[in-house]
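Let's take a look at this protein together, starting with its cysteines and then moving on to its pockets.

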Amino acid sequence: MLAITEPAIRASFVNVTQGEAKRMALPGDLDTYPWEDLDFLGWRDPAAPQRAYLVAETDDGPVGVALRVAPQQTGRVRRSMCSFCLTTHTGDGVSLMTARKAGREGRQGNTVGAYVCSDLACSLYLRGKKAAGRRIDETITLTEKIDRTTGHLAAFLRRVTE
């Protein structure tokens with residue numbers, strides 16, 4: 001992913017108002033992000049853990065979506081898989097995240113959801129830059145894994161913007 005500026009991040013959001021985009025908490029120092037290792041920018045709001053955001057590059061420029069993180073169920077150990085990168089996690093490593101649809105459908109309350117790495121670090125898990133416990137052995141290349149992940153993300157973004 002190419003480095004992106006704060007104004008470009010705020011302008012990219014398709015499922016929030018301009019006022020909401022202006023008030024949202026952005027990630028810390030964007031200059032320190034490992035942009036060459038990111039397929040999309042994703043972060044959780046430290047002041048509101050039920051909020052998350054992601055911005056991805058598309059053919060039409062960056063597209064950002066605000067997400068709501070579902071509360072975790074406690075009391076049982078489970079293993080879950082991210083629907084973007086197919087990384088498996090134990091415990092609360094994967095969360096159901098829902099995005100309000102863009103436009104009229106979103107104003108009517110329609111949403112789409114996906115089970116995603118809770119920290120939105122899919123790109124780093126794929127590249128082995130961050131550990132997620134036991135990895136599933138695959139015979140495909142890193143490039144193929146990245147293509148698969150960006151394809152799943154693109155499909156999710158299409159569902160938000162349709």
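## Cysteines that don't pair up

Start with C122: its sulfur sits 3.6 Å from the closest cysteine sulfur, the one in C82, and that's too far for a bond. C122 counts as buried, with 0% relative accessibility. Keep in mind that this is a predicted model.

C117 has a similar story to tell. The closest cysteine sulfur to its own belongs to C85, 3.6 Å away, which is too far for a bond. C117 also comes out at 0% relative accessibility, so it counts as buried. What's the cut-off here? A disulfide needs two cysteine sulfur atoms within 2.5 Å. By this rule, the count is 0 disulfides.

## The largest pocket

Now for the open spaces. The largest pocket holds about 380 Å³ of space. It is lined by 14 residues, and V16, E20, R51, A66 and R100 are the closest to its centre. Which elements give two or more residues to this lining? They are α2 (18-23), β2 (51-58), β3 (61-69) and β6 (94-100).

Sorted by class, the lining of the largest pocket has 6 nonpolar, 3 polar and 5 charged residues.

## The second largest pocket

Next comes the second largest pocket, with a volume of about 240 Å³. Its lining has 13 residues, and those nearest the centre are E57, T58, D59, A154 and L157. Two or more lining residues come from each of β2 and α5 (142-161).

Which element gives the most to this lining? That would be α5, with 6 residues. By class, the lining of the second largest pocket splits into 5 nonpolar, 3 polar and 5 charged residues.

Notes:
Residues numbered from 1 in each chain as written. Predicted model: local features only at pLDDT ≥ 70, side-chain atom pairs only at ≥ 80, totals over all residues. Heavy atoms only, no water. 1 Å grid on protein atoms, 1.4 Å probe; cavity = no way out; pocket = protein on both sides within 12 Å on 5 of 7 lines; lining within 4 Å. Points joined across faces, edges and corners; volume = space filled by probe spheres on them. Helix = DSSP H or I, 4+ residues; strand = E, 2+ residues; numbered from the N terminus. Nonpolar A, V, L, I, M, F, W, Y, C, P; charged D, E, K, R; others polar. Buried < 20%, exposed > 50% of the residue type's maximum accessible area, 1.4 Å probe, protein only.
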